[in-house]
Amino acid sequence: MNIKIITVGKLKEDYLKAGIAEYTKRLSRFAKTTIIELADEKTPDKASEAQNQQILMKEGARIQEKIGARDFVIVLAIEGKQFPSEAFAQKLVDVTLAGYSDITFIIGGSLGLDPMIKQRANMKMSFGLLTLPHQLMRLVLVEQIYRAFMIQQGSPYHK
């Protein structure tokens, strides 16, 4: 299985980099994991709605270039479905059984995701109604993917 995480914006905080590196290393026994950081567009203070839409479109075009035609795409979006960890683990099993070997997760930038990326998604997923910095969301996502594989293995890690 191949897992790709496409994110908008560069990760700067060392503590987040260390956590992501640790979980990516742990995941390596289950899947090849690739994290693709894409440049974010600078958002002017007090940007108009039209400016925000232009920014989302530019970021969306960059994201689209990195999505494979046969990828199962999961976007992180506040309006997405929430899963308990066990159900998320089962969803990954179901996706694999449906014939997908490439799962792509997408985390947008500070403005979110372009609607065309959400339309391309096979699934929208939410980690709740709280707003989290998109850099922190990377760490949370990688840990939850690792947790899903550990649940599938029957590991006590989840407890």
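Here is a short, friendly conversation about aromatic pairs and an annotated site in a predicted model.

Modeller: Residues are numbered from 1 along each chain as its sequence is written. Local features need pLDDT of at least 70 and side-chain atom pairs pLDDT 80 or more, while totals for chains, interfaces and linings use all residues, and side-chain values use heavy atoms, leaving out hydrogens and water.

Biologist: How are the rings of Phe 30 and Phe 149 arranged: stacked or edge-to-face?

Modeller: Rings of Phe, Tyr and Trp (its six-membered ring) pair if their centres lie within 6.5 Å; planes under 30 degrees apart are stacked, over 60 edge-to-face, and the rest tilted. Here the centres are 5.1 Å apart with 10 degrees between the planes, which makes the pair stacked.

Biologist: Lovely! How many residues apart in sequence are the parts that this pair ties together?

Modeller: Phe 30 lies in the loop between α1 (14-27) and β2 (32-38), and Phe 149 in helix α5 (residues 134-152). Helices (H or I, at least four residues) and strands (E, at least two) are DSSP runs, numbered from the N terminus. The pair therefore ties together parts separated in sequence by 119 residues.

Biologist: Is Leu 129, from UniProt's "binding site" list, buried or exposed?

Modeller: That list is from an unreviewed entry; its positions use the numbering here, feature names are shortened, and annotations may be inferred rather than shown by experiment. Buried means under 20% relative accessible area, exposed over 50%, and partly exposed in between (1.4 Å probe, protein chains only). Leu 129 lies in the loop between β5 (123-125) and α5. Its relative accessibility is 69%, so Leu 129 counts as exposed.
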